[in-house]
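Reader: I have a structure open and I am not sure how to start reading it. Could we go through it together, one piece at a time?

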Amino acid sequence: GVLGRSGREIIQIAVGRAGCGMGHEFIRDLVEEHQVNYLNEDLRGTFMGTDYSREAHLDVFFNEGQYNKELRQMRWVPRAILVDLNMLDLASITSGPLGAMYRPENIVGNDEGSGNCYAKAFHTEGVDVADSVLDLVRREAERCNCMQGVQFTHSITGGTGSGLSGLLMKTIRDYLDRGSKCIMQSFSLVPGPGAGDMVLEPYNAALAYQDLLEYMDQCFLYDNSALENIVQKSCGVDVPKRQQMNNIVALCMSGLTSGLRFKGPLNADLWKMHSSLVPFKNAHFLISSFAPLSSEAGNAFRKEGCVLDLAQQMLMKDNVTVKCDPLRPADPQNDINRARILASWASWRGSFKTQEVDRILYDMSKSGSRFDSFYPDWIPNPIASNICVQEHVERKQSVVYVANNTAVTEVFDYNLSNWDKMMSRKSHLHYFEQDGISVDDMKESRGIMHYIREWYSELGRREDKIVDNSDPGRITINDRAIENADHEELAKEMKELMMDDMHLKTEAPRLGRI
């Protein structure tokens, strides 16, 4: 066996065709990074590398299987559960060499189908499947030393990814208990402009957002339109393949979890990430970006491993995996607020120096910087980070940047607009009513979606500076930012701290009896 097991296990649950595709690419990324053999049938699941640091924390996403006495190697089995209401789609995932790594009983589904309708998957066809999945989650949790989280990969546009995922999230959250320290994350494919091909997409997404708000701790959003643009730019292809788009999601998932799987000067777990990324309750809808995303031809013009270059790329609109502008300027005439980055996390991979990373991240958010207006001063140190010394197997030195950004309102605005168009004609409601979801339930889900959008808008409208120090030698309290007594007290304390000349005083040690 390998010493130093992490005891920070994560269970992965992939739901629906899109979710299983994203989860499958993530597993592919993991086995390639950790040098686990999956192509050779006799050696499948065994560690084939010489750098044993790659095997040390395989237990984060893998269970120990049968021990091979001849090779003196353990077989590693993904701690993943694949779920769908279409067995043909599941078969396409599990038929290849990588698919043979999954435990057969962890592949759950039937051929009833969801008809691309949330209600049918949630209330009718998914109930028995959800019971089977819960039983598997119980077994996987019992095998863990200290389970740290549950990750969902799914799409909220179709019926299975939205409805069955929602049912599983509710079931598993009830099992884990509200007071559990287990973090529940979702990597969700959401509706995006110009990429929708499902009639019921706006209704499904609205109902799914309600589940994501209630049961998830962190929701990482992606859309096909943004992913297509990224693949076209980074791979130089005119028509992106589904696997290439799923690989972008896998890159983000791999980067975010690298600190759990490899050593580094700045490591982190899911709880630290959660406390850094979600400063306000019910504001846990996050947008991601990855750098570098240049094509082979473009890489020749970039310095590999340059922290500043990667930091600039990670804030670019073209690198964001959902359609919104993370550095959106204010437009008072059209009642558009400036985008605000409430909190963020940068996960670095490579031989980066801690001091250089810290300096550049500080320079990005400090007062007077180019990005200062996007980082409100009432959240100090808005960019948390970790550094993993192990480079990505494909992208080498890289960074994944996740932001809790008020620009996410653009994602909700798109869905709200499409929902209102359909509801104005009362179209397709009978599909939901016949499976137990009334028009009032539908309107409630729309209200929840609007609430999330307005909550982020409110946070974006708050005054940037509680204390104004723009005038040299004069520090004043910004009265417009004071909403209650707590704010006033905080402003006074900040003013006193900024006025005082703080320094550390050291004294020579005294000689004498101790």
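Reader: Let me start with one residue, then: where is the place of Phe432?

Author: Before answering, I should say that this is a predicted model. In it, Phe432 has its place in helix α15.

Reader: And is Phe432 buried or does it count as exposed?

Author: Phe432 has a relative accessibility of 0%, and because buried means under 20%, Phe432 counts as buried.

Reader: What is Phe432 in contact with, if we leave aside its neighbours within four places in sequence?

Author: With those neighbours left aside, Phe432 is in contact with Cys117, Tyr118, Ala119, Leu200, Tyr203, Asn204, Leu207, Ile437 and Met442. Another way to place this residue is by distance: the C-alpha atoms of Phe432 and His123 are 10.0 Å apart in space, although the two residues are 309 apart in sequence.

Reader: Some of those contacts are around residue 118, so which residues of helix α4 (residues 118–125) are buried?

Author: The buried residues of helix α4 are Tyr118, Ala119, Ala121, Phe122 and Glu125. Their cover includes α5 (127–143), α6 (159–176), α7 and α15 (430–433), and α15 is the helix where we placed Phe432.

Reader: Okay, zooming out a bit: how many helices and strands are there in the protein?

Author: The protein has 17 helices and 14 strands. Of its 514 residues, 55% are buried, and among the contacts with a separation of 6 or more, 79% are between residues 24 or more positions apart.

Reader: Which residues touch the most other members in the largest nonpolar core?

Author: That core has 98 residues, and the ones touching the most other members are Ile13, Phe152, Tyr209, Phe285, Trp348, Met364 and Phe432. The largest share of this core, nine residues, is contributed by helix α7 (residues 201–215). Apart from this core lies another one of 52 residues, including Trp76, Ala80, Tyr222 and Phe290. As background, nonpolar side chains in soluble globular proteins tend to be buried together.

Reader: You mentioned α7, so at what angle do α7 and helix α16 (residues 439–461) pack?

Author: They pack at an angle of about 65°, with their axes 8 Å apart, and the crossing of α7 and α16 is left-handed. On the α7 side the contact is made by Tyr203, Ala206, Leu207, Tyr209, Gln210 and Leu213, while α16 brings Asp441, Met442, Glu444, Ser445, Ile448, Met449, Tyr451 and Ile452.

Reader: What about α12 and α13, at what angle do their axes cross?

Author: The axes of helix α12 (residues 307–314) and helix α13 (residues 354–365) come within 10 Å and cross at roughly 40°, which makes α12 oblique to α13. This crossing is right-handed, and the contact is made by Val307, Leu308, Ala311 and Met314 of α12 together with Glu356, Val357, Ile360, Leu361 and Met364 of α13.

Reader: Switching to aromatic rings, how many aromatic pairs are there?

Author: The count comes to 10 aromatic pairs. In one of them, the ring centres of Phe187 and Phe220 are 4.7 Å apart and the planes are at 10°, so the pair is stacked. Phe187 lies in strand β7 (residues 183–189) and Phe220 in strand β8 (residues 218–222), so the pair ties together parts that are 33 residues apart in sequence. Both Phe187 and Phe220 are buried.

Reader: And why is the pair of Trp348 and Phe352 edge-to-face?

Author: Their ring centres are 5.3 Å apart and their planes are at 70°, so the pair counts as edge-to-face. Both Trp348 and Phe352 are buried. Elsewhere, ring pairs link Tyr203, Trp419 and Phe432 into a cluster.

Reader: Last topic, the backbone: which peptide bond is cis, with omega near 5°?

Author: That is the bond from Ala291 to Pro292, and Pro292 has its place in the loop between β9 (285–291) and α11 (296–299).

Reader: Where is Gln35 found, and what is its phi near?

Author: Gln35 is found in the loop between α1 (16–33) and α2 (53–56), and its phi is near 55°, a positive value in a residue other than glycine. His428 also has a positive phi, near 65°, and lies in the loop between α14 (409–424) and α15. For comparison, most residues other than glycine have a negative phi.

Definitions and conventions:
Residues numbered from 1 in each chain as written. Predicted model: local features only at pLDDT ≥ 70, side-chain atom pairs only at ≥ 80, totals over all residues. Heavy atoms only, no water. Core = buried A, V, L, I, M, F, W, Y, C linked by side-chain atoms within 4.5 Å. Buried < 20%, exposed > 50% of the residue type's maximum accessible area, 1.4 Å probe, protein only. Helix = DSSP H or I, 4+ residues; strand = E, 2+ residues; numbered from the N terminus. Contact = heavy atoms within 4.5 Å. Phe/Tyr/Trp six-rings, centres within 6.5 Å; stacked < 30°, edge-to-face > 60°. Axes fitted to C-alpha atoms, helices over the stretch in contact; angles between N-to-C directions. Parallel < 35°, antiparallel > 145°, perpendicular 65-115°, else oblique. Left-handed = near helix turned anticlockwise from the far one by under 90°.
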